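Here are my notes on the model you sent over. I went through it point by point, so read them alongside the viewer.

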Amino acid sequence: MTQTNLKSEKKYNTGIVILSIAIPVVVAILFGVNLRELGFDVEPLTFLPPIYACINAVTALVLVSAFIAIQNKKINLHKRLMQFAILLSLAFLAMYVAYHMTSDSTKFGGEGIIRYIYFIILITHILSSIVVIPFVLITYVRGITNNIEKHKKIAKITFPLWLYVAVTGVVVYIMISPYYA
């Protein structure tokens, strides 16, 4: 890696740290804010969960497509697909927060072993969605700064982790959807 690429990559580090901390903190804070309970006259955005579940499904497909693209040396396609995956994740995040700021949380109604399975998937999904943020940002920066060897190395961790988050997001939605009001 050239000195220029190293300097270019380092200039992003502060932003990566800030975003990696700020995103989960802001989401956690906003998750606890219900605009209707605060007296705002807003309609519950109950139509959003199936939409953001579909966004998770599309994200998973885009990630797999980007992986196939890079395996076939289609670098520009890979880059565009990864940028699209990031945009999809941001759209998911915005809709997820909007839903929880306008709607009451849905309680999982399953019983027995399925309840334990649901909570294991949910907890690992949530924790992975927090952990994946710096991985995505670092992987992306290493790609755009042309630090390809380090990009490949971290992408081997980022890809399965991000794919897990996207797929389990769909699974969580499917499991809880019968209990939406």
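What share of the 181 residues in the protein chain do buried residues make up? The share is 33%. Keep in mind throughout that this is a predicted model.

1. Overall layout. The protein chain has 6 helices and 0 strands, so there is no sheet to look for; read along the sequence, the pattern is α-α-α-α-α-α. Along the principal axes, the C-alpha atoms fill a box of roughly 55 × 35 × 25 Å. Of the contacts with a separation of 6 or more, 79% come from residues 24 or more positions apart.

2. H3 against H4. Helix H3 covers residues 48–71 and helix H4 covers residues 75–102. Their packing angle is about 165°, and the axes lie 9 Å apart. An angle over 145 degrees counts as roughly antiparallel, and H3 and H4 are therefore roughly antiparallel to each other. The crossing of H3 past H4 is left-handed. As for the chemistry of this contact, its residues split into 24 nonpolar and 6 polar, with no charged ones.

3. H3 against H6. H3 also packs on H6, here at an angle of about 150° with the axes 8 Å apart. This pair is therefore roughly antiparallel as well, and H3 passes H6 in a left-handed crossing. On the H3 side, the residues include Pro49, Pro50, Ala53, Leu63, Val64 and Phe67. On the H6 side, they meet residues including Phe159, Trp162, Leu163, Gly169 and Tyr173. The tally for the contact of H3 with H6 is 15 nonpolar, 3 polar and no charged.

4. H4 itself. Does the end-to-end distance of H4 agree or disagree with what its 28 residues should span at 1.5 Å a residue? It agrees: the expected span is 40 Å, and the end C-alpha atoms are 41 Å apart. The buried residues of H4 include His78, Leu81, Met82, Phe92, Tyr99 and His100. Packing partners for the buried residues of H4 are H2, H3 and helix H6 (148–176).

5. H2. Helix H2 (residues 13–31) has 19 residues, and the distance from its first C-alpha to its last is 27 Å, close to the 27 Å expected at 1.5 Å a residue. Buried in H2 are Ile16, Ser20, Pro24 and Val27. The buried residues of H2 pack against H4 and helix H5 (113–144).

6. Two threonines to click on. Thr139 sits in helix H5 and Thr158 in helix H6. Is Thr158 buried or exposed? Thr158 is buried, with a relative accessible area of 4%; the cut-off for buried is under 20%. Thr139 has 9% relative accessibility and therefore counts as buried too.

7. Their neighbours. Leaving out residues up to four places away in sequence, Thr158 touches Val132, Phe135, Val136 and Thr139. With the same exclusion, Thr139 touches His151, Ile154, Ala155 and Thr158. The two threonines thus appear in each other's contact lists.

8. A distance to check. How far apart in space are Thr139 and Ser65, C-alpha to C-alpha? They are 17 Å apart, with their positions 74 residues apart in sequence.

Note on methods: Residues are numbered from 1 along each chain as its sequence is written. This is a predicted model: local features need pLDDT of at least 70, side-chain atom pairs count only at pLDDT 80 or more; totals for chains, interfaces and linings use all residues. Side-chain values use heavy atoms; hydrogens and water are left out. Axes are lines fitted to C-alpha atoms, for helices over the stretch in contact, and angles run from 0 to 180 degrees between N-to-C directions. Helices (H or I, at least four residues) and strands (E, at least two) are DSSP runs, numbered from the N terminus. Angles under 35 degrees count as roughly parallel, over 145 as roughly antiparallel, 65 to 115 as roughly perpendicular and the rest as oblique. A crossing is left-handed if the near helix is turned anticlockwise from the far one by less than a right angle, and right-handed if clockwise. Ala, Val, Leu, Ile, Met, Phe, Trp, Tyr, Cys and Pro count as nonpolar, Asp, Glu, Lys and Arg as charged, and the others, Gly among them, as polar. The expected span of a helix is 1.5 Å times one less than its number of residues. Buried means under 20% relative accessible area, exposed over 50%, partly exposed in between (1.4 Å probe, protein chains only). Contact means heavy atoms within 4.5 Å.
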